[in-house]
Amino acid sequence: MDRRSFAKAVLAAPAMAPAAAAQYDRRTRGLAPLTIKDAKVITTSGGRSYRWVFLKIITSEPGLYGIGSANNHYQTHAVVAALEKHLIPWLIGKDPDRIEDLWQSAHFRTYWRYGPVNNNVLSAMDMALWDIKGKRAGMPVYELLGGKTRDAVACYDHAAGRDREQALASLQKSLANGFRHVRVQYGEGGYGGGGFFPPGSGNRPEGGYTGLAFDEEQYVSTIPKVFEYIRSKVGSEPKLLHDVHSHLSGINAVEFSRRMEPYQMFFIEDVLPPEQIAWYRQIRQVCSTPQAVGEVFSHPYEWVPLVVERQIDFVRCRLAASGGITAAKKMATLCEFFGVRTAFQEGGENDPVNQMASYHVDISSTAFGIQEENQFPPVVHEMMPGTAQLRRGYLYGSDRPGLGIDINEEMAAKYPIGEIRGGGAYRTDRALDGSVVKP
Ligand code: MG
């Protein structure tokens, strides 16, 4: 086609249809001004013993709101008060589009920053703002973070047994359910199991502590033998994980990691408490057992040096405890540059909003490693439409705009958080002499 006939053809083309033109105009005009009109706290037990705290941010656009998780099972009421008395009065009237600016200013608003409760508050606000942004754009949040880098989010399952046969049977059940990654815990007493003296047994001070008593050396000697047995039965294909839950200190954590090396773990988790993270350098010098760290971290200076010095392999902070999606996407980006992966903490008392927030970061990040599974009862799926679906080891989000999850407030109100006995404290493990063992 020569230049003259090309120009003729262009001039002869029909004008954009009026409806399409209006749609194009709407999409390119920019967004109308928006303000935060109101916000409220929604709490619920989810029909179980959960202590979930959500923040709902309501905008000046009718029907446009966002929800975020401020989940803290152990200081629930402190989080509620921090949201209602301190965040919400500050937040009303602000521009919800300025997520990064609101994150920064909300963060410095408390003067003393970081710490679990402040982080919960910040996370809830941040997730709700991303939810609003996604709904405004008509896109799931992961699209705003760069789009999918994978088709679904792989999750690891939880297996446990009081003896090695039970542990093996539990693992095989997870594998039969389609999980490729399975965390295997062992023995009586929950986390630290395999290292406990039964109540009243062992050599104890007279008249002292009589409960389950944790012993580091016993744990270090027991657990590797369990994994030797399990590997001999299931072969090399299943990806095995184990959570030490900070029960070891210093050189015992080094020795434990070294003894676990032959069983080719996908990772061992929190082999050290946050107070002793400098020991990860020593672990790296003696073995290649992959380390996942950070469930109870609340300050970036806890994980940043571990990532940039490549002393760990997975960061596993909880989004609702570390500043929400804004904090997690930065964490994932830093990890990407240093070849470290993410394994955001889920499971247990976590909630479906936090799970969806993790999902959006996971599915859009090349630093994604694995996600912890969390399966909710049918009543929660009904109460929170859009709750992610877990099928054969993969998590699938709802793909609706925003976070893609909502909360039925009437239903949530039917399940109030019950009386929190003993202040809701996390359990305290002790040694034979009655001293506290770090959880
Ligand atoms: Mg853990």
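This is a short tour of the pockets, the metal site, the cavity and the cysteines in this structure.

One caution before we start. The model is predicted. Please keep that in mind throughout.

Let's begin with the open spaces. The largest pocket has a volume of about 1000 Å³. Its lining takes in 38 residues. Which of them lie nearest the centre? They are Tyr 74, Glu 295, Val 296, Glu 349 and Tyr 426. Hold on to Glu 295, one of the residues nearest the centre. That residue comes back in a moment.

What is the lining of the largest pocket made of, by class? There are 14 polar residues, 13 charged and 11 nonpolar. And where do they come from? Domain 1, residues 16-140, supplies at least three. Domain 2, residues 153-403, also supplies at least three.

Next, the second largest pocket. Its volume is about 370 Å³. Fifteen residues line that pocket, and the closest to its centre are Arg 26, Gly 30, Leu 31, Arg 136 and Ala 137. Two helices to look for on screen are α2, residues 18-28, and α5, residues 116-137. Each gives at least two residues to this lining. Which one gives the most? That is α5, with four residues. By class, the lining of the second largest pocket has seven charged residues, five nonpolar and three polar.

Now the metal. Here we have a magnesium ion. Which protein residues are its donors? There are Asp 243, through OD, and Glu 269 and Glu 295, both through OE. They lie 2.0 to 2.2 Å from the ion. So here is Glu 295 again: a magnesium donor, and one of the residues nearest the centre of the largest pocket.

Look at how the donors are spaced along the chain. The pattern reads D-x25-E-x25-E. Asp 243 sits in strand β8, residues 239-243, and Glu 269 in strand β9, residues 267-269. The two are 26 residues apart, so this pair links distant parts of the chain.

Are these two donors buried or exposed? Asp 243 has a relative accessible area of 1%, so it counts as buried. Glu 269 is at 0%, and therefore buried as well. The cut-off for buried is under 20%.

On to enclosed space. How many cavities of 30 Å³ or more does a search of the whole structure find? The search finds one. The largest cavity has a volume of about 40 Å³. Its lining is Ala 106, His 107, Arg 109, Thr 110, Tyr 114, Asn 118, Asn 119 and Leu 122. Helix α4, residues 99-109, and helix α5 each supply at least two of these. You met α5 at the second largest pocket, where it gives the most to the lining. By class, the cavity lining has four polar residues, three nonpolar and one charged.

Last topic: cysteines. How many disulfides are there? The count is zero. Take Cys 155. The nearest cysteine sulfur belongs to Cys 317, 17 Å away. A disulfide needs the two sulfur atoms within 2.5 Å, so Cys 155 is in none. Cys 155 is also buried, at 1% relative accessibility.

Cys 287 is in no disulfide either. For Cys 287, the nearest cysteine sulfur is that of Cys 335, 20 Å away. Cys 287 has a relative accessible area of 6%, so it is buried.

That's the tour. Questions are welcome.

Methods. Residues are numbered from 1 along each chain as its sequence is written. This is a predicted model: local features need pLDDT of at least 70, side-chain atom pairs count only at pLDDT 80 or more; totals for chains, interfaces and linings use all residues. Side-chain values use heavy atoms; hydrogens and water are left out. On a 1 Å grid over the protein atoms alone, a cavity is a set of points where a 1.4 Å probe fits but cannot get out, and a pocket is an open set with protein on both sides within 12 Å along at least five of seven lines; lining residues have an atom within 4 Å of a point. Grid points are joined across faces, edges and corners, and a volume is the space filled by probe spheres set on the points. Ala, Val, Leu, Ile, Met, Phe, Trp, Tyr, Cys and Pro count as nonpolar, Asp, Glu, Lys and Arg as charged, and the others, Gly among them, as polar. Domain bounds come from an automatic or database domain assignment. Donors are N, O and S atoms within 2.8 Å of the metal (3.2 Å for Na, K and Ca); water is not among the atoms, so sites may look incomplete. Buried means under 20% relative accessible area, exposed over 50%, partly exposed in between (1.4 Å probe, protein chains only).
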